[in-house]
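Good morning, colleagues. Today I would like to speak about aromatic rings and how they are arranged. Please look at the sequence and the structure as I proceed.

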Amino acid sequence: MGIAKGRNVLPGFGLSLGFTLAYLSLIVLLPLSAVFLKSATLSGAAFWDTITAPRAMASYRLTFMASFGAALVNVVFGSLLAWALVRYSFPGKKIVDAMVDLPFALPTAVAGIALTAIYAKNGWLGAWLEPMGLKVAFTPLGVLVALIFIGLPFVVRTVQPVLEDLDAEYEEAAASLGADRLTTLRLVVLPTLLPALLTGFTLAFARALGEYGSVIFIAGNLPLVSEITPLIIITKLEQYDYAGATAIASVMLIVSFALLLAINALQAWAGRRAAGMG
Amino acid sequence: MAGGSSRLAKAGQTRFEAREATRDSALVKGIVLTLSLVFFAVFLLLPLVVVFAEALRKGWDTYLAALVEPDALSAIKLTLTAALIAVPLNVVFGVSAAWAIAKFEFRGKALLVTLIDLPFSVSPVIAGLCYVLVFGAQGWFGSWLAANDIKIIFAVPGIVLATVFVTFPFVARELIPLMEAQGTEEEEAATVLGASGWQTFWRVTIPNIKWGLMYGIILTNARAMGEFGAVSVVSGHIRGFTNTMPLHVEILYNEYQFAAAFAVASLLALLALVTLALKTFVEWQAERAHKEIEA
């Protein structure tokens with residue numbers, strides 16, 4: 001890459017690019033544009049009323065806060081887990097490493113009913129937590145738990161490779177210059193990890209915002225309390241309120257696009273950081 | 001990014017514990033290990049264990065009965081059908097996109113790569129919604145489809161389309177970095193020596209990317225069989241006709257048939273475990289192939 005090429009002798013450019021663009025347009029771009037075109041059939045006032053209705057506003061607040069909280073929890077524990085996987089040896093490490101990707105492989109509906117069985121009143125953990133006054137299932141806390149589950153691999157798999165590439169020499173140099181371990185971590189390791197931590201956070205956050213399957217079983221779906229934004233779209237669809245559903249969907253899409261751009265910028269930054277270090 | 005970053009090239013590990021400056025004290029190691037492994041056990045391991053425990057709670061007879069019941073069988077069949085159509089489509093797309101992007105220079109390439117990632121950042125619910133807007137009764141082609149007696153929404157084609165959408169980027173994003181790293185020299189040599197385009201592709205490119213391709217297929221298949229939100233919107237939940245396995249799990253669960261719901265869920269959990277095992281195997285193979293090239 002990066003080497004300026006003269007005339008490329010390889011065939012198939014027109015065919016492969018043409019097919020790629022046609023398939024992308026048919027499967028993704030045209031259908032997505034339908035969301036914006038449909039929401040444009042609403043008058044400005046009706047659009048505004050739909051997206052700022054109390055139930056919608058409550059759902060944005062819940063979806064945003066729970067996604068943010070879950071991404072934060074995952075940054076802390078995901079980094080610890082990545083650290084343990086890269087730096088320590090312990091029995092069962094290979095299995096733990098492979099299992100980190102479980103949330104990618106386990107269908108969200110399965111995760112949803114399993115988490116509900118764990119945290120319901122008579123569930124495996126719920127039976128312990130509820131007498132202590134901690135209700136998880138069918139509350140906003142349940143939404144948080146589900147989003148922690150689906151977001152964990154994003155942080156681990158973003159931080160882990162950076163930790164693996166981190167040269168031991170940097171820490172040795174810091175130590176030989178008299179820095180204690182904590183200072184080395186703060187001034188040497190943490191700055192190197194920062195782009196990966198931010199990228200992992202944003203990926204987990206972006207995924208959590210749109211998550212549906214794992215959440216609806218455990219959330220209880222109480223309007224104004226534990227109803228997430230994707231569920232509002234489903235409810236409106238079931239009432240044949242297509243314009244209303246697309247209005248909410250277009251709000252979510254705009255947020256998703258903004259996050260996608262942020263993720264790209266973060267990854268470019270991380271790439272430059274890595275290149276600068278080598 | 002839903003597929004995780006490509007982990008096909010991993011570095012060696014134990015070097016950190018051998019060195020004074022990077023070795024954590026026993027206390028720190030103990031705290032980090034306890035915290036991270038308890039978190040792992042509660043948030044990842046426990047849900048998996050619960051699925052199998054709940055599935056077998058009422059014994060093997062109930063378990064097996066839930067799996068061979070006609071609605072469950074038709075759900076399994078539909079899930080397999082959808083994956084069998086969606087996976088090959090996205091493989092052809094992924095290879096084609098990676099060929100254009102990795103082997104050639106053109107304007108707007110960065111934008112194209114971003115657009116390919118788009119389905120990962122869109123909520124599955126919105127993925128389903130956009131097909132309803134295009135093909136639904138009130139959609140763009142709704143009246144034309146109705147006039148010609150073609151059903152897409154609340155029918156199998158809609159389920160396949162939604163599945164294609166949510167699994168769209170997996171193969172492409174696995175292959176693009178891999179093929180970029182491999183460059184074009186081998187293909188150019190084959191072409192100069194007189195191989196046709198397709199010969200070069202099948203004999204040079206495919207062997208070079210086979211592990212990356214496998215990896216992409218495994219991830220695509222897992223998501224295709226497990227997708228819930230997008231499929232839920234377009235399916236209409238018609239029992240025995242448009243119910244996939246995840247949707248069947250939901251229906252059983254909402255009818256308080258918990259043992260049956262978890263029985264079907266346990267098949268999907270098994271699929272997840274097979275996926276993880278295959279994925280680890282492919283990573284291991286790719287790593288070995290990588291080392292052989294470097295040696």
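Phe68(A) is partly exposed in this predicted model, its relative accessible area being 37%. Phe201(A), by contrast, is buried, at a relative accessible area of 15%, and the cut-off for buried is under 20%.

Let me place such residues in context. Over all chains, a search of the whole structure yields 31 aromatic pairs. In one of them, the ring centres of Phe68(A) and Phe201(A) are 5.2 Å apart and the planes stand at 80°, so this pair is edge-to-face, as angles over 60 degrees count as such. What does this pair tie together? Phe68(A) belongs to helix α3 (residues 54-87) of chain A and Phe201(A) to helix α10 (residues 181-210) of chain A, so the contact joins parts that are 133 residues apart in sequence.

I turn now to chain B. Tyr131(B) and Phe165(B) have ring centres 6.1 Å apart and planes at 90°, so they too form an edge-to-face pair. Tyr131(B) lies in helix α5 (residues 124-135) of chain B and Phe165(B) in helix α7 (residues 156-166) of chain B; the pair thus links distant parts of the chain, 34 residues apart. Are these residues buried or exposed? Tyr131(B) counts as buried, at 1% relative accessibility, and Phe165(B) is buried as well, with a relative accessible area of 0%.

Two further features deserve mention. One aromatic cluster is formed by Tyr212(A) and Phe217(A) together with Phe228(B), Tyr253(B), Tyr256(B) and Phe258(B). Finally, Arg288(B) places its charged end over the ring of Trp284(B), at 5.5 Å from the ring centre.

How values were computed. Residues numbered from 1 in each chain as written. Chains lettered and ligands numbered in written order. Predicted model: local features only at pLDDT ≥ 70, side-chain atom pairs only at ≥ 80, totals over all residues. Heavy atoms only, no water. Phe/Tyr/Trp six-rings, centres within 6.5 Å; stacked < 30°, edge-to-face > 60°. Helix = DSSP H or I, 4+ residues; strand = E, 2+ residues; numbered from the N terminus. Buried < 20%, exposed > 50% of the residue type's maximum accessible area, 1.4 Å probe, protein only. Lys NZ or Arg CZ within 6 Å of the ring centre and 35° of its normal.
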